[in-house]
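Please find below a short note on the structure, set out as numbered points. The remarks concern a sheet with its packing helices, and then a surface patch.

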Amino acid sequence: MTTATAEKPRTSALDRDTAMRLAQTEYERFLQLLQSLAPGDWAKPTECAGWDVRAMAAHLLGMAEMSASIRESMRQLKIAQGRGGEFIDALTGLQVEERAHLSPADIIEQYARVTPKAAQARRRTPWFLRRQKMSPNQVINGREETWTLGFLTDVIMTRDPWMHRADISRTTGAELVLTHEHDGLLVNDVVQEWAERHGRSFNLRLTGPAGGTWSSGAAPEVALDAVEFCRALSGRAQADGLPPTEVPF
């Protein structure tokens, strides 16, 4: 596939304090979700092809361990880059494979132990590192784009467990805890990025605790659940009336 390349590296639109508060809260909520699961829930398949709940939790444990330690981050990146193919698939596949031996109890215990360190490490990432370009480039909406490390640490590493928390809730029937103060801010950031990416007029009403209303120019109203909106932008669902614009999670 031939792709055009976006010019400017993508940065976080969230202020630093807000981004880090969201990161810590999302770690806590994902842990609470894992702790609430019944033994039979861990083997249930999710919407991510080839992953059951245990594999999805193993991926997020691996990502938290990567965030908590520069040494672990470099180790995972080196192995994943050496595998070739789509980088994110290589990285997440590695995280799942290396934790395949862990029981659900092991995953919960290790996640509880490492996520405070991950939140602290992300908070302490200095500004000059957050401004550095991340490698490799990402392909979003058919275009190669460069992310800053700050976009990864401040935004994507929080959206990732948030979306997977929704995945696991849908699969298991476990409660998806949503509040305007936390999830509403995450969804607002997604909406703002979505609007910037497609650049068209829109009139959007999202329902539920994480919802709100947004508009730009004159356009028919599109109304749907806030989580379903994000699922559509991630490629997990269809939503009529929306510009078909991907936002990374």
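1. In this predicted model, helix 8 (residues 180-198) lies across strand 4 and strand 5. The direction of helix 8 is at about 160° to that of strand 4.

2. A second helix also belongs to this arrangement: helix 9 (residues 226-233) packs on the sheet and touches strand 4 and strand 6. Helix 9 makes an angle of about 100° with the direction of strand 6.

3. The sheet itself is open and consists of three strands in the order 5-4-6, with mixed pairing. Strand 5 (212-216) and strand 6 (221-225) are the edge strands; each has a single partner strand, so one side of each has no neighbour in the sheet. On average, neighbouring strands of this sheet are turned by 15° against each other, direction ignored.

4. As to the pairing, strand 4 (residues 202-207) runs parallel to strand 6, and five bridges join the two. Within strand 6, valine 222 is the residue that stands opposite leucine 204.

5. A separate point concerns the surface. Trp127, Phe128 and Leu129 make a nonpolar surface patch of about 330 Å². Of these residues, phenylalanine 128 is placed in helix 6 (residues 127-130).

6. How is phenylalanine 128 to be classed by its relative accessibility? The value for phenylalanine 128 is 45%. Partly exposed covers the range between the buried limit, under 20%, and the exposed limit, over 50%; phenylalanine 128 therefore counts as partly exposed.

Methods. Residues numbered from 1 in each chain as written. Predicted model: local features only at pLDDT ≥ 70, side-chain atom pairs only at ≥ 80, totals over all residues. Heavy atoms only, no water. Pairing = 2+ DSSP bridges. Helix = DSSP H or I, 4+ residues; strand = E, 2+ residues; numbered from the N terminus. Axes fitted to C-alpha atoms, helices over the stretch in contact; angles between N-to-C directions. Contact = heavy atoms within 4.5 Å. Patch = residues over 30% accessible without salt bridge, like charges linked within 9 Å, V, L, I, M, F, W, Y side chains within 5 Å. Areas by Shrake-Rupley, 256 points an atom, 1.4 Å probe, with all protein chains shown as cover. Salt bridge = Lys/Arg side-chain N within 4 Å of Asp/Glu carboxyl O. Buried < 20%, exposed > 50% of the residue type's maximum accessible area, 1.4 Å probe, protein only.
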